[in-house]
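User: I am new to this structure. Please take a close look at one part of it, the place where the chains meet, and then at a helix pair beside it in your account.

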Amino acid sequence: MSAASLPQADARVSPEDFKQRSHESLHDAHLRQSFRGAMDFLVERRALQFPDLQAFNTLRKLGENVRQHALAQLPDLLERLEARLTELGVAVHWAETPADANRIFLDIARRHAATLMVKGKSMVSEEIGLNHEMAAHGVECIETDMGEYILQLDGDRPSHIIMPAIHKTKEDVAAIFHEHIDGAPLSDDVNELIAIGRRALREKFASAKIGVSGVNFMVAETGTLALVENEGNGRLCTSVPDVHVAITGLEKVVDRLEHVLPLYALLPKSATGQAVTTYLNLITGPRRAGEKDGPREMHLILLDNGRTQAYREARFRATLQCIRCGACMNHCPVYTRVGGLSYGTTYPGPIGAIISPHLMGLQSTRDLPTASSLCGACGDVCPVGIPIPDMLMKLREAGRHSVAESITPPAQALVGQGSVRRAGEVLAWRAWRVLYSHAALYRLFAWLAPRLRWLTPAWQGGWTASRAALKPAPRSLREQLARRRAGRTVPGR
Amino acid sequence: MSASPHAAGSTETRQVYLFATCVIDLFAPQAGVDVVEVLERLGVTVHFPAAQTCCGQPAYTTGFPEEARKVAAAQLDLFPEPWPVIVPSGSCGGMLKQHWPRLFADDPARRVQAESIAARTVEFTDYLVNTLGFRLDAPAASGAPLRVALHTSCSARREMGTLGCGRALLERLPGVERVEHGHEAECCGFGGTFSVKHPEISAAMAADKLDALTASGCESFVSADCGCLLNLNLSLEKRGAALRGQHIASLVRARMDGAAS
Amino acid sequence: MSGAAAEPRARAAIFARLRAAPDVEPVAVPDVAGYYRNRAAPSGESRRERFVRNARSWRAEVIETTAGDWPAALDAVLDARNVRRLLAGRGTTIADTLAARLPAGRLRWYDAPLASFKPELFGAIDAGITTTLGAVAETGSLLLWPDAAEPRTLSLVQPLHIAVLHESGLHETLFDAMVGQGWAARMPSNALLVTGPSKTADIQRMLVYGAHGPRELVILLLRDGDAA
Ligand code: SF4
């Protein structure tokens with residue numbers, strides 16, 4: 001298969017179309033059912049891993065502590081990490097934007113005259129659109145995680161950060177393999193399908209010059225990159241090709257090697273309800289003298305892409321504590337119903353709603369922070385204690401207030417700060433404030449509204465699409481209580 | 001009347017404030033009347049400061065904290081005595097208890113007031129169960145058997161921690177059997193302005209909740225939050241379904257009436 | 001090259017933004033050791049029993065044997081699976097025994113660097129056998145430090161991975177191993193925690209073993225004390 005023949009996921013998908021796409025998803029009974037089933041499964045499996053709430057909270061506090069401790073000294077840790085990696089012979093690259101990161105990849109590929117890369121699961125590589133960019137320059141970048149591979153063959157996108165292909169059935173996969181893999185029989189036996197995928201990808205592992213991976217945790221103390229996985233493709237990508245290029249967000253660093261332990265204790269339990277993954281792969285530099293495998297050359301690309309914006313304000317910094325476990329989406333009633341593809345972002349669900357505005361600006365992502373009932377299920381399960389509902393509220397505020405309009409103005413505007421502000425909404429809340437902060441005015445309103453309830457419109461926008469109209473009661477509580485008090489001797493009903 | 005408050009501690013008159021919430025005041029006043037009625041029958045003197053309006057939550061959660069602050073500020077002077085502030089809503093209770101102190105973090109004088117109120121804020125079922133030790137001691141004949149489902153709002157569950165109180169309260173009503181429904185811990189889809197900003201998603205959540213409640217075989221359902229109840233009842237009305245929910249205080253009062261008759 | 005010129009600029013800009021961020025309240029140093037110290041000690045079974053139970057729960061086959069009997073146990077494993085070519089590293093603690101025990105045709109040494117060995121590695125070998133650095137009882141995981149003698153791919157490419165583990169190498173937790181063995185000061189180029197065979201649930205959440213790595217993991221657990 002040549003790079004040109006690989007279907008490419010539609011790069012134009014954008015969070016601006018969230019409402020349209022979620023509308024379609026809500027009416028797709030099959031999709032609804034498969035997400036509900038998958039999320040119920042993951043929720044149940046996670047619950048089995050944390051039977052004791054107190055024990056969970058103790059571990060979660062430690063995980064939160066590790067991440068906050070690292071973020072509090074982030075620039076220092078990054079400098080130490082860079083120094084350690086440089087000593088080990090790893091080239092460290094800094095990328096402000098996805099374009100920067102892709103250029104670095106391309107430079108490396110060109111230097112090695114590579115036309116094929118094999119890639120382990122990496123959400124940051126999705127974030128920069130690596131496959132697409134490499135294909136545009138004649139470099140084939142093959143996904144090797146089974147779920148991602150299926151999607152890549154089909155030109156589809158991941159709908160979940162841990163289980164990317166949960167929206168595909170085994171029949172879908174059978175058809176995709178049959179169509180795209182030479183000699184693949186049409187089988188919907190899952191064992192056989194995985195065997196087909198394994199065989200097809202073996203050739204790629206053996207021939208690719210460059211292996212690409214994400215990183216789960218980086219250790220400043222030792223220069224270690226920790227990768228967490230079940231399939232073994234991550235180990236192959238980082239052991240077989242001559243060159244290993246790791247890419248990750250610059251926030252993923254921790255101070256000491258032992259700090260990885262609580263995070264690793266939390267990650268697979270929160271993600272898939274497993275106590276551990278098959279592999280915890282700790283990589284500290286390239287192949288050493290005398291070793292027979294492992295990459296001879298190693299690169300680490302550290303991507304900013306808006307992370308420093310989240311970092312710079314205390315109220316958004318906790319966003320960067322995230323370890324990408326996906327628990328928040330598994331427990332999210334909105335995600336469960338609209339599915340991951342509706343978001344039009346690399347990271348869907350609650351984590352997507354709080355990180356995407358920093359990566360893409362508040363304007364194009366405007367519908368994501370509001371697409372939450374603030375039920376709090378995400379915050380309950382987040383293994384590093386990110387107050388996700390609070391962040392959503394703060395993003396709603398930032399979208400609706402420019403720096404000048406903010407009461408406690410931030411030092412610098414977020415990208416798209418104030419861009420969601422609409423005169424009508426501002427006016428409505430101003431009117432609401434005047435009414436509800438003046439007792440006499442409100443009392444008059446509470447007297448009037450029940451008496452004018454016959455004027456209540458039968459159509460109340462989105463509310464009445466699925467509900468009867470909201471009408472004031474015939475008499476307000478305050479009136480009823482006043483009357484009750486006046487006629488004390490009369491029983492209440 | 002055979003309802004006895006089993007009040008723990010002293011017998012002196014208990015005085016409480018009622019912060020009834022704007023939703024109850026205009027849209028669900030019967031819930032408020034029933035709250036007052038139940039408390040008074042249990043020997044509690046209820047003070048309803050007439051100048052109260054709203055906790056400010058709608059603006060707060062929509063991204064207009066300054067509007068919320070002004071509205072909340074107008075409530076701060078209304079609860080001067082050291083009495084508990086009873087809130088018949090986990091959601092508004094959560095606003096008073098968890099968010100008011102933060103809302104006034106930069107305003108020392110108001111913060112003291114907000115913190116005092118936060119410390120005294122008690123959700124209605126919590127007050128009944130844990131402060132009054134309420135239990136309806138009724139002869140077996142009182143009140144027909146009733147199967148009810150309990151919808152606990154997300155804020156009641158997470159910000160007020162009153163899931164157990166609602167369950168305990170139902171257990172203390174003889175003849176009332178609580179039935180579970182599927183995905184009971186899941187949100188009903190209300191979420192304040194979420195229900196109008198994303199009406200389709202909100203409707204899908206409400207529809208699933210209604211399906212689960214209907215499938216539970218309950219005769220009616222209760223909640224301690226009128227926001228959820230309006231969302232669910234008006235959705236049921238639109239469906240043309242007969243099932244309805246009521247505030248848990250209304251059920252308690254009805255069972256007291258049954259016990260008294 | 002444009003990239004090379006842009007990178008120092010990007011680095012400087014990123015650090016400028018990070019350094020400009022306001023300080024937050026100081027954060028306590030995480031007490032990972034304290035966390036592990038305070039956890040309730042497991043009880044009711046020996047560490048070996050716990051390891052075996054947990055490893056099996058991840059679909060590893062654990063064969064409890066002794067320092068004297070393990071070669072026979074290995075024979076049985078190889079025969080049962082009809083392994084014709086077993087790959088092993090030279091100069092390890094098991095190398096002499098393997099050389100003495102297995103016919104030359106059945107044993108293949110991992111001698112050449114991967115680049116020249118790749119076709120054979122990916123095509124003509126049925127199983128790999130490695131020593132281990134120890135194991136973690138709490139999760140039933142093996143600790144591997146691949147090196148010059150036993151490269152990373154020795155435990156990765158073949159459908160069957162056989163690991164020889166001494167009971168004395170069992171640690172309760174990964175923390176105990178990491179701190180007890182002083183990993184931070186001497187991290188190898190690759191350190192692994194391996195728990196069961198490779199697997200995936202990417203198609204309809206159905207669990208399938210042997211995704212990209214070994215389909216089977218057999219652990220020869222050499223018990224202490226009852227050596228022949
Ligand atoms: S925000 Fe929390 S729950 Fe969500 S993916 Fe990140 S770590 Fe997991």
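Analyst: What follows covers the chain contact, then one pair of helices.

The model is a predicted one. Start with the interface. On the chain B side, 70 residues are in contact with 69 residues of chain A. The size of an interface is often given as the accessible area lost when the parts come together. Here, chain B and chain A bury about 5900 Å² between them. Carbon and sulfur atoms carry 60% of that area.

Charged and polar pairs also cross the interface. There are 11 salt bridges between chain B and chain A. One salt bridge joins the side chains of Glu40(B) and Arg484(A), at 3.2 Å from N to O. Polar contacts link 31 residue pairs across the interface, with both residues at pLDDT 80 or more. The side of chain B that touches chain A has 33 nonpolar, 19 polar and 18 charged residues.

Now the helices, both in chain B. Two packed helices are described by the angle between their axes and the distance between the axes. Helix α11(B) spans residues 199-215, and helix α12(B) spans residues 226-239. They pack at about 80°, with axes 10 Å apart. An angle from 65 to 115 degrees counts as roughly perpendicular, so α11(B) and α12(B) are roughly perpendicular to each other.

Which residues make the contact? From α11(B) come Ala206(B), Ala207(B), Lys209(B), Leu210(B), Asp211(B) and Leu213(B). They meet Asn231(B), Leu232(B), Ser235(B), Leu236(B) and Arg239(B) of α12(B). By class, this contact between α11(B) and α12(B) has six nonpolar, two polar and three charged residues.

Terms used:
Residues numbered from 1 in each chain as written. Chains lettered and ligands numbered in written order. Heavy atoms only, no water. Contact = heavy atoms within 4.5 Å. Buried area = accessible area lost by both parts, 1.4 Å probe. Salt bridge = Lys/Arg side-chain N within 4 Å of Asp/Glu carboxyl O. Polar contact = N/O pair within 3.5 Å; in protein donor to acceptor, adjacent residues only side chain to side chain. Nonpolar A, V, L, I, M, F, W, Y, C, P; charged D, E, K, R; others polar. Axes fitted to C-alpha atoms, helices over the stretch in contact; angles between N-to-C directions. Helix = DSSP H or I, 4+ residues; strand = E, 2+ residues; numbered from the N terminus. Parallel < 35°, antiparallel > 145°, perpendicular 65-115°, else oblique.
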